[in-house]
Amino acid sequence: MQDIRRKTVAAILAGGAASAGEIVDVKGWVRTRRGNKNVQFVALNDGSTINNLQIVFDLSKFSDDSLKPITTGSSIHVQGRLVASQGAGQSVEVQADELEVYGTAPVDYPLQKKGHTLEFLREKAHLRPRTNTFGAVLRIRHALAYAIHKFFNDKGFFYFHTPLITASDCEGAGAQFQVTTLPLNGLPKDEAGNIDYSQDFFGKLASLTVSGQLEGELGATALGLIYTFGPTFRAENSNTPRHLSEFWMVEPEMAFYEIADNMDLAEEFIKYCINYALEHCEDDIRFLNDHFDKELVDRLKFVVENDFVRLPYTEGVKILEESGKKFEFPVYWGVDLASEHERFLVEEHFKKPVILTDYPKEIKAFYMKLNDDGKTVRAMDVLFPKIGEIIGGSQREENYDKLQKRIEELGLTGMDWYMDTRKYGTVPHSGFGLGFERLVLFVTGMQNIRDVIPFPRYPKACEY
């Protein structure tokens, strides 16, 4: 082998026919191999792009024995001359001069060239990134993560790290995973028979976080504009295509933002991320459009090309009640709208994304700012086609007395540290949360959220 710097498949293909004649060094995994007694064609992929690079082996240079290890899934190192391709589907190919086989893949390699169901691939999560489908999904996931950091950085936000282990329950649902060092086969008890957490590592009950929002508010009341982006955990026994037990959340918090500012930011943010994916992941999105969801590109453009409708919850309920449509779940003022209701407003009534505002306080979290009517709060949910709610947020209640009353109504405890932000220099502030996997689900057109995260965690599933 010559001492040549390796090029990725993406870089070689980007150079196109203008690079013909160049000697290239390429490494990757074999997707397919075909040919005859004179020539063999290998489709090589290194993960840098969904497109394969064709390697041509002239059998006057290579013996059958030397090519025998080149099976689907094997990894190889090739040097050769880049030439204009005579076949359809690629502008250039490599005429191989040198071959090194790194690793063979025997006949029991699970990802042979045939159709595999997504359910089967879910059982092979350690190998499924090598498929076209999951390579595309994971490259899009990366691009969206980068776009999130770039968007907030360019707008002057600070990336704020909130704890994964916490003693508070932001959502109040109680569906948290406990973190303990106590011996489970001999838990210490107090005189009343309750678990004695004073003997635990932290000296109190601790859990994995369900949200970084409350701590994020502390950052916003010091730095002004912050965002969190990290894993969160929900111990809900849910097996729907929209739920995971471990997922990533993006949660900006902004001092001096009121609800209208919050809505403006959410719309700008989500459009930016989708536009970034459309611009930088064109091949991957086109592949998913062609193979999984024929309406994907049109749906993405539908979001970025339309202004979002701002609609009060009360008006939304009235539209649903008067629609004449028979819903699976009943609609009435005070109900937490189901996905079918949200999608009707977006897909059939307005034919635009919708930001639903001013929800009844009983169905929203304690920290949301109460409206003057005393019945609704300054909440906002961004509703998308096919997926329903993708962002949830609110203006936060900055008034100490009103927030304290709400905490007492709900019987919450241990919130003194949180209340200090309202006690010392309180300001109007707002924020929202985006489930990152929901965004990836929307942009890729996949049907199940377990297929947009490398290693999904859900009830009875914690492999790897």
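**Exercise 1. Locate Tyr-464 in this predicted model, then say what is unusual about its backbone.**

Start with the place: Tyr-464 sits in the segment after helix 13. Next, look at the backbone angle: its phi is near 75°, which is a positive value in a residue other than glycine. Now set that against the general rule. Most residues other than glycine have a negative phi. Tyr-464, with its positive phi, goes against that trend.

**Exercise 2. Find where Phe-256 lies, and decide whether it is buried or exposed.**

Go to the loop between strand 11 and helix 6 (259-280), and you'll find Phe-256 there. Its phi is positive too, near 70°. For the second part, you need a cut-off: exposed means over 50% relative accessible area. Phe-256 has 59% relative accessibility, so it counts as exposed.

**Exercise 3. Work out which residues of helix 5 are buried and what covers them.**

Helix 5 runs over residues 213-223. Its buried residues include Gln-213, Leu-214, Glu-215, Gly-216 and Glu-217, along with Gly-219 and Ala-220. Now check the cover. Among the strands involved are strand 7 (165-166), strand 10 (225-233), strand 11 (246-255), strand 15 (388-396) and strand 16 (429-435). Helix 12 (416-423) is also part of the cover. To finish, step off the end of the helix: Gly-224 follows, with a positive phi near 90°.

**Exercise 4. Put the strands of the open sheet in order and pick out the edge strands.**

There are three strands, in the order 7-9-8, and the pairing is antiparallel. The edge strands are strand 7 and strand 8 (178-179), since each pairs on one side only. Zoom in on strand 8 and strand 9 (residues 206-208): they're joined by two bridges. For one concrete partner, take Gln-178, which bridges to Ser-207 in strand 9.

Between strand 8 and strand 9 there's a loop, and Lys-189 lies in it. Leaving out residues up to four places away in sequence, Lys-189 touches Asn-194, Ile-195 and Asp-196. Its C-alpha atom is 9.6 Å from that of Gln-199, ten residues apart along the chain.

**Exercise 5. Name the residues that make the nonpolar surface patch of about 410 Å², and place Leu-164.**

The patch is made by Leu-164, Ile-165, Phe-201 and Phe-202. Leu-164 belongs to the loop between strand 6 (158-159) and strand 7. Patch residues need over 30% relative accessible area. Leu-164 is partly exposed at 39%, so it clears that bar.

**Exercise 6. Compare two aromatic pairs: Phe-327 with Phe-344, and Phe-384 with Phe-442.**

A search of the whole structure turns up 23 aromatic pairs. Phe-327 and Phe-344 are 5.7 Å apart centre to centre, with 90° between the planes, and the pair is edge-to-face. Phe-327 is in the loop between helix 9 (313-321) and helix 10 (339-350), while Phe-344 is in helix 10, so the pair ties together parts 17 residues apart in sequence. Phe-327 is buried at 14% relative accessible area, and Phe-344 is buried at 9%.

Now the other pair: the ring centres of Phe-384 and Phe-442 are 4.8 Å apart and the planes are at 55°, so this pair is tilted. Phe-384 is in strand 14 (residues 376-384) and Phe-442 in helix 13 (residues 436-444), 58 residues apart. Phe-384 is buried at 0%, and Phe-442 is buried at 3%.

Methods
Residues numbered from 1 in each chain as written. Predicted model: local features only at pLDDT ≥ 70, side-chain atom pairs only at ≥ 80, totals over all residues. Heavy atoms only, no water. Buried < 20%, exposed > 50% of the residue type's maximum accessible area, 1.4 Å probe, protein only. Helix = DSSP H or I, 4+ residues; strand = E, 2+ residues; numbered from the N terminus. Contact = heavy atoms within 4.5 Å. Patch = residues over 30% accessible without salt bridge, like charges linked within 9 Å, V, L, I, M, F, W, Y side chains within 5 Å. Areas by Shrake-Rupley, 256 points an atom, 1.4 Å probe, with all protein chains shown as cover. Salt bridge = Lys/Arg side-chain N within 4 Å of Asp/Glu carboxyl O. Pairing = 2+ DSSP bridges. Phe/Tyr/Trp six-rings, centres within 6.5 Å; stacked < 30°, edge-to-face > 60°.
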